[in-house]
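Me: I am new to this structure. Please walk me through the terms used for it, with the reasoning behind each one.

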Amino acid sequence: MNQEVIWSDRYREAGDQYLFGTEPNRFLAHRATLLQTGRSALSVADGEGRNSIWLAEQGLDVTAIEISPVAVEKARRLAAGRKVDVRFVLADMLAPNWPPLELHNTFDWVIGIFIQFVDPQARERQFAVMKQLTRAGGRILLQGYTPKQLDYRTGGPSASKTFTPKPCCARLSPTGRLRNWWTTRTIFRRAWGTRGIQR
């Protein structure tokens, strides 16, 4: 089953509710001041829009990429209700010849929140695309599970899909240097009432 089908089914099953809620990811929201150093942002695998819409509310010029048409339609409704403009693009960021040339070297911020549920080959493609989208001097903001998440047994990816500093910076930074690496421990409650710990 491909990623579009998997995620569309999940978003559809939520009905009029939002699978992960409508408030921004907590890690992202805590970086509001940092994000003001740029003017434009792209949110990859944006889902139902909670993060891209919040970014637009911070005054950024926002583009959001999402593979699921169900999610994009819900995101557009949410943006209209919150009276913000976001450019929603229905696309598979892992597809050959994506991104289009007009999106190359464009964004001050390229943001990926919990995008790591892919195999190692797709991870390489994900990171390559994120670098293509980032303008010279721009930055990539990435949040994901570290191997510590496996100890909590509250969900998340397999060990091979967790994030650690050296592999991430080697693939994402042209210099191999990491600007910041934060490790946080969060108890969260999803819109559906699921509760757990993430790190």
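Reply: Start with one side of helix α6. There, Pro 120 and Gln 121 are exposed. One caution: this is a predicted model.

Me: What makes Pro 120 and Gln 121 count as exposed?

Reply: The cut-off for exposed is over 50% relative accessible area. Pro 120 and Gln 121 are classed as exposed, so each lies over that mark.

Me: Which residues of α6 are buried?

Reply: They are Ala 122, Arg 123, Gln 126, Phe 127, Val 129, Met 130 and Leu 133.

Me: How do you know that they lie on the same side of α6?

Reply: Look at the arc around the axis. The buried residues cover only 160 degrees, which puts them on the same side of α6. There is a general reason for such patterns. An α-helix has 3.6 residues a turn, so residues three or four places apart point the same way.

Me: Why is the span of α6 called close to the expected one?

Reply: α6 has 14 residues, and 20 Å separate its first C-alpha from its last. At 1.5 Å a residue, 20 Å is expected. The two values agree, so the span is called close.

Me: What does the sheet look like, and which strands are its edges?

Reply: It is an open sheet of 5 strands, in the order β3-β2-β1-β4-β5, with parallel pairing. The edge strands are β3 (87-90) and β5 (134-143), because each pairs on one side only. Helix α6 (residues 120-133) packs on this sheet and touches β1, β4 (107-113) and β5.

Me: How do you know that β1 and β2 pair?

Reply: Pairing needs at least two bridges. Strand β1 (residues 40-44) and strand β2 (residues 61-66) have 4, in the parallel sense, so they pair. Leu 42 stands opposite Thr 63 in β2.

Me: Why is Ser 43 called buried?

Reply: Ser 43, in strand β1, has 2% relative accessibility. Buried means under 20%, so Ser 43 qualifies.

Me: What makes the link between Ser 43 and Asp 46 a polar contact?

Reply: Their side chains are 2.7 Å apart at this contact. The limit is 3.5 Å between N or O atoms, so the distance fits.

Me: Glu 48 sits in the loop between β1 and α4 (50-57). Is it buried or exposed?

Reply: Buried. Its relative accessible area is 5%, and the cut-off is under 20%, so Glu 48 counts as buried. The side chain of Glu 48 also joins that of Lys 74 in a polar contact of 2.7 Å. Beyond its sequence neighbours up to four places away, Glu 48 touches residues including Tyr 11, Phe 20 and Leu 78.

Terms used
Residues numbered from 1 in each chain as written. Predicted model: local features only at pLDDT ≥ 70, side-chain atom pairs only at ≥ 80, totals over all residues. Heavy atoms only, no water. Helix = DSSP H or I, 4+ residues; strand = E, 2+ residues; numbered from the N terminus. Contact = heavy atoms within 4.5 Å. Axes fitted to C-alpha atoms, helices over the stretch in contact; angles between N-to-C directions. Buried < 20%, exposed > 50% of the residue type's maximum accessible area, 1.4 Å probe, protein only. Polar contact = N/O pair within 3.5 Å; in protein donor to acceptor, adjacent residues only side chain to side chain. Arc of directions from axis to C-beta.
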